[in-house]
Each structure stands twice: as C-alpha cells, then as structure tokens.
Amino acid sequence: MKELYILKKFLIERGFEDVEDKLNKFDVYFDSLVEWNEKFNLTSITDKEEVQIKHFIDSLLGNEFVQDSLNICDIGCGAGFPSIPLAIVNPNIKFTLVDSVNKKINFINHIIDILSLENVTALHARVEDFARQNFEKYDCCVARAVAQMPTLAEYTLPLLRVDGKLIAYKGINFEEELKNSNKIFNALNSKIDSINELNLPNNEKRYLIVVKKMRNCSSKYPRGGNKPRIQPIIG
C-alpha cells in the first residue's frame with residue numbers, strides 16, 4: 001500500500017499529535033472513497049497523491065480557523081470535505097454534515113461507522129429546510145465547492161449564532177464573488193472578518209474567507225423554493 005507520505009509530512013510539520021493513528025484513519029477513508037466511487041459519483045479525484053493534496057490537506061487548511069468552535073455545520077458536505085478530515089484531527093469538536101443527496105449521506109455514515117467518529121452526525125436534508133429548523137444554532141459553518149458566495153451566505157449565515165463564523169473555501173476567483181455579496185451580508189448582519197491566502201503542497205493557492213455574524217438576522221432567511229440558488233441576492 002502506497003503510504004500517505006504527503007499528508008504525513010503535512011501533519012508532522014503542522015505539529016499534529018498521534019500522526020500514525022490519524023494516518024490510519026485517512027488511509028481507510030481513502031480506500032472507502034475509491035471503492036464507493038466505483039458505484040456512486042462522489043469525486044472526480046481518486047489518485048492517491050491528488051486525494052492527499054486536493055481533498056485531505058485542502059480540508060485541513062481550515063483547521064486553525066475552527067479551534068474556537070464547539071459545534072460546526074457543513075452544508076453540501078458531498079463526500080465529507082472539509083468536515084471529515086477536520087473531525088479526524090479534532091475529536092472534541094462536534095460536526096453536523098448535511099447534504100440533499102442521500103447516497104452521499106450513506107457514504108458519510110459508512111465513514112462514521114468504520115472510523116468510529118463519535119463527534120460526527122450526517123443528515124439527509126435540503127439546506128433551506130435544515131437552516132430554518134436549526135436557526136442560529138451553530139458556532140461555525142464550513143463549506144467547500146458548494147455555491148457562489150451570495151448563495152452560500154444565504155444558506156449558512158442564518159445557521160450561525162451571533163459572533164459565529166462562516167469559513168468558505170474558495171479559489172482564485174473569490175474577489176468577484178465577494179463584490180456580489182455585500183447586499184446579502186448586510187441583510188444577514190454579517191461582514192467579512194478575514195481573507196486568508198494559503199498554499200497547498202503543489203503550490204496551488206487556496207483562499208479561506210471568514211465571514212462573521214455580527215447580530216441576529218431575520219428568520220425569513222434562507223428563502224424557500226431554491227431561491228438562494230436560482231435567484232441569489234446580488235449586489
């Protein structure tokens with residue numbers, strides 16, 4: 001079996017403890033991802049080196065930004081990125097993963113079982129419904145490759161308590177997304193807290209946008225009928 005040498009180097013350099021135990025979990029995660037991907041379209045990336053960089057390490061770039069959170073929600077979690085890698089290295093933080101595609105939630109539940117991740121819960125639900133049922137419940141939301149920022153903000157910011165934060169994983173085109181997000185940020189009483197440029201081991205840039213909830217917002221958000229996606233509040 002090809003060792004997760006790139007991930008191992010990253011974990012050691014970042015000062016993680018119990019590296020071998022964590023690597024074993026990531027190895028099982030990788031094998032399951034590839035196995036399930038043969039039947040279900042979970043990811044287009046299955047090469048072991050690329051998974052280490054573009055899924056595992058990319059997810060872990062957000063680790064420093066979640067350390068003051070106790071209760072994190074990941075909407076549109078897909079195959080578990082970024083929350084499963086973050087949960088593996090943060091057993092004391094509770095993660096709730098939500099996706100509207102049941103096969104993805106079935107995969108996450110399989111990973112929860114085989115890795116004994118007692119700090120992770122996976123739920124099959126539409127984001128709009130889940131957000132209204134869990135209004136201002138979470139310390140933090142994380143999201144990776146879910147939607148453009150105006151849509152993502154409307155999905156996630158209503159879930160946050162006051163002083164809670166959204167951590168959005170974005171690529172190089174994030175600036176245009178932010179220009180279109182002022183109106184929805186204002187409507188949801190939130191603002192950009194920081195823009196963080198980070199590097200993956202392949203020198204690819206990754207941007208983590210932290211948005212902070214300043215005050216309570218109206219419970220009319222997110223709007224129903226898939227409006228956050230098909231009619232985003234832009235401006």
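Here's an informal walk through the cores, the main pocket, one well-connected arginine and a few unusual backbone spots in this structure. Keep in mind that this is a predicted model.

**The cores**

Let's start with the packing. The largest nonpolar core takes in 51 residues. Within that core, the members that touch the most other members are L7, F26, Y29, I84 and I167. If you want to click on one of them, try I84. Leaving aside residues up to four places away in sequence, I84 is in contact with Y29, L97, I108, I111, L117 and V120. Apart from this core there is another one, made of 31 residues, and C73, A143, I184 and L188 are among them.

**The enclosed helix**

Next up is helix 7, which runs over residues 149–156. Of its 8 residues, 8 are buried, so the helix is largely enclosed by the rest of the structure. The cut-off behind that statement is a relative accessible area under 20%. You'll find M149, P150, T151, L152, A153, E154, Y155 and T156 on the buried list, so to speak, polar and charged side chains included.

**The largest pocket**

Now for the open space. The largest pocket has a volume of about 480 Å³, and 23 residues line it. Nearest its centre lie G76, G78, D99, K104 and A145. Sorted by character, the lining comes out as 10 nonpolar, 7 polar and 6 charged residues. Which strand and helix each supply at least two residues of this lining? Strand 2 (94–99) and helix 6 (127–133) both do.

**A buried arginine**

R206 is worth a look of its own. It's found in strand 7, residues 205–213. Is R206 buried or exposed? R206 is buried, because its relative accessible area is 15% and the limit for that label is under 20%. What does its side chain reach? There's a polar contact of 2.7 Å between the side chains of R206 and D58. The R206 side chain also gets to the backbone oxygen of K170, at 3.2 Å. Both D58 and K170 turn up in the wider contact list of R206, which also has L61, R144, Y169, G171, N196, E197 and L198, again not counting residues up to four places away in sequence.

**Backbone oddities**

A few backbone angles deserve a second glance. Most residues other than glycine have a negative phi, and most peptide bonds are trans. The table gathers the spots that go the other way.

| Where | Feature | Value |
|---|---|---|
| F81 and P82 | cis peptide bond | omega about 10 degrees |
| Y221 and P222 | cis peptide bond | omega about -5 degrees |
| D163 | positive phi | about 75 degrees |
| N226 | positive phi | near 60 degrees |

As for where these sit, P82 is in the loop between strand 1 (71–75) and helix 4 (83–89). P222 is in the loop between strand 7 and helix 10 (227–230), and N226 lies in the loop between strand 7 and helix 10 too. D163, by contrast, lies in strand 5, residues 160–170.

How accessible are the two residues with positive phi? D163 is exposed, because its relative accessible area is 53%, and the bar for exposed is over 50%. N226 has 25% relative accessibility, so it counts as partly exposed.

Terms used
Residues numbered from 1 in each chain as written. Predicted model: local features only at pLDDT ≥ 70, side-chain atom pairs only at ≥ 80, totals over all residues. Heavy atoms only, no water. Core = buried A, V, L, I, M, F, W, Y, C linked by side-chain atoms within 4.5 Å. Buried < 20%, exposed > 50% of the residue type's maximum accessible area, 1.4 Å probe, protein only. Contact = heavy atoms within 4.5 Å. 1 Å grid on protein atoms, 1.4 Å probe; cavity = no way out; pocket = protein on both sides within 12 Å on 5 of 7 lines; lining within 4 Å. Points joined across faces, edges and corners; volume = space filled by probe spheres on them. Helix = DSSP H or I, 4+ residues; strand = E, 2+ residues; numbered from the N terminus. Polar contact = N/O pair within 3.5 Å; in protein donor to acceptor, adjacent residues only side chain to side chain.
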